[in-house]
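Work through the exercises below with the sequence and the 3D view open. Try each task before you read its solution.

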Amino acid sequence: EKGTYPHYMLKEIDEQPAVMRKIVQAYQNEEGELSIAKDTLDAVNAADRIYIIACGTSYHAGLVGKEYLEKTAKIPTEVHVASEFVYNTPLLSEKPLFIFISQSGETADSRAVLVHIKELGHPALTLTNVAGSTLSREANHTLLLHAGPEIAVASTKAYTAQIAVLAILAEAAGKAKGFDMKFDLVQEMGIVANAIQTLTDDKEAFEQIARDFLSTTRNAFFIGRSMDYHVVQEAALKLKEISYIQAEGFAGGELKHGTIALIEDGTPVVALATQENVNLSIRGNVKEVAARGANTCTISMKGLEEEGDSYVIPHVHELLAPLVSVVPTQLIAYYAALHRDCDVDKPRNLAKSVTVE
Ligand code: F6R
């Protein structure tokens, strides 16, 4: 039930702090440590390479998950769009593990890959919000998202839940291999939950940004580098699907290789700046587009902020920044759609779960 909320999407955005806390609880053992079922962990650590398979928003969560699996658990990881993988399967490693990420657990494109790799005899792990869903039943292992039902067509809390579970999986895999953990994930996830809460308590700011940058435009660009590049791809998808504004999310460094030709007077460009090692470079990109007339909106993280930034999100660990920086982009998409009188919860031409290929 959406209760007093005008839309499920807004309710689900607001649920994200609670979902983050619930996930940590669900994966804590009696000693309070994050843990993953032993057979699942063994399957992850037996793999010489992980192939993440997903569609849409879940694919975007996979892009962040790859960073965790490589940086924390040191397992080479590839991320693939399911509909491409099934007809154009890459050369596989000797001992692959497939991780399917699917909110619904019913996505036909992902299932087609699962059927294919099972024929080849490879193991599969499904991350899903729906216990007993097809992708869960047909895989060897399942990790649940614990996000609660997601009703709005535009996925929000499932994206952050997927990233959180992938962070926990990577940490458990790294620990099992005896690697030193660089930070306390339980504590950092608490900081993340509080940071998201700060943002969902500050909705007027994002309504204003949507009004200032997106109320009449026909197109919009999102730019970011490193972890922010993954998030801007999701930001663009969210804006497209509910507000029908043509949007593109791309790597800041790619601007000069083509896209900058599209910048005109007033073109909205939203930049994310949450990563220290690329802060100077993304700032440079913002200046480049501003010099060509773009209407720039920079969302930075505390500690990296500069004068003139449109919004500064609270500081969290850099690797976990996607969990927080995506929230302003969800809210901006929501308000842009509202301002343009779009049906937020049921955008045209879309279904909540896509059970046809
Ligand atoms: C976008 C969105 C879709 C889904 C995609 C995969 O907001 O919801 O892009 O993420 O259709 O769905 P699942 O995760 O159910 O496999």
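Three exercises follow, on a sheet and two pockets.

The model is predicted: local features need pLDDT of at least 70, side-chain atom pairs count only at pLDDT 80 or more, and totals for chains, interfaces and linings use all residues. Residues are numbered from 1 along each chain as its sequence is written, and side-chain values use heavy atoms, with hydrogens and water left out.

**Exercise 1. Trace the five-stranded open sheet and find what packs on it.**

Step 1. Fix the terms. Helices (H or I, at least four residues) and strands (E, at least two) are DSSP runs, numbered from the N terminus. Two strands pair if DSSP finds at least two bridges between them.

Step 2. Read the order. It runs β7-β6-β8-β9-β10, with parallel pairing. The edges are β7 (246-251) and β10 (311-313), each paired on one side only. Neighbouring strands are turned by 20° on average, direction ignored. Axes here are lines fitted to C-alpha atoms, for helices over the stretch in contact; angles run from 0 to 180 degrees between N-to-C directions.

Step 3. Zoom in on one pair. β8 (residues 268-273) and β9 (residues 295-301) run parallel over six bridges. Val270 has Cys297 of β9 as its bridge partner.

Step 4. Add the helix. α10 (residues 203-214) packs on the sheet and touches β6 (219-224), β8, β9 and β10. Contact means heavy atoms within 4.5 Å. The direction of α10 makes about 155° with that of β9.

**Exercise 2. Describe the largest pocket and its lining.**

Step 1. Define it. On a 1 Å grid over the protein atoms alone, a pocket is an open set of points where a 1.4 Å probe fits, with protein on both sides within 12 Å along at least five of seven lines; lining residues have an atom within 4 Å of a point.

Step 2. Size it. The volume is about 600 Å³. Volume is the space filled by probe spheres set on the points, which are joined across faces, edges and corners.

Step 3. Locate it. Of 27 lining residues, Gly56, Glu241, Leu350, Ala351 and Val354 are closest to the centre. α11 gives the most to the lining, four residues.

Step 4. Sort the lining. It has nine nonpolar, 11 polar and seven charged residues. Ala, Val, Leu, Ile, Met, Phe, Trp, Tyr, Cys and Pro count as nonpolar, Asp, Glu, Lys and Arg as charged, and the others, Gly among them, as polar.

**Exercise 3. Do likewise for the second largest pocket.**

Step 1. Its space is about 260 Å³.

Step 2. Of 16 lining residues, Lys71, Thr72, Lys182, Phe183 and Leu319 are closest to the centre.

Step 3. α8 supplies the largest share, three residues.
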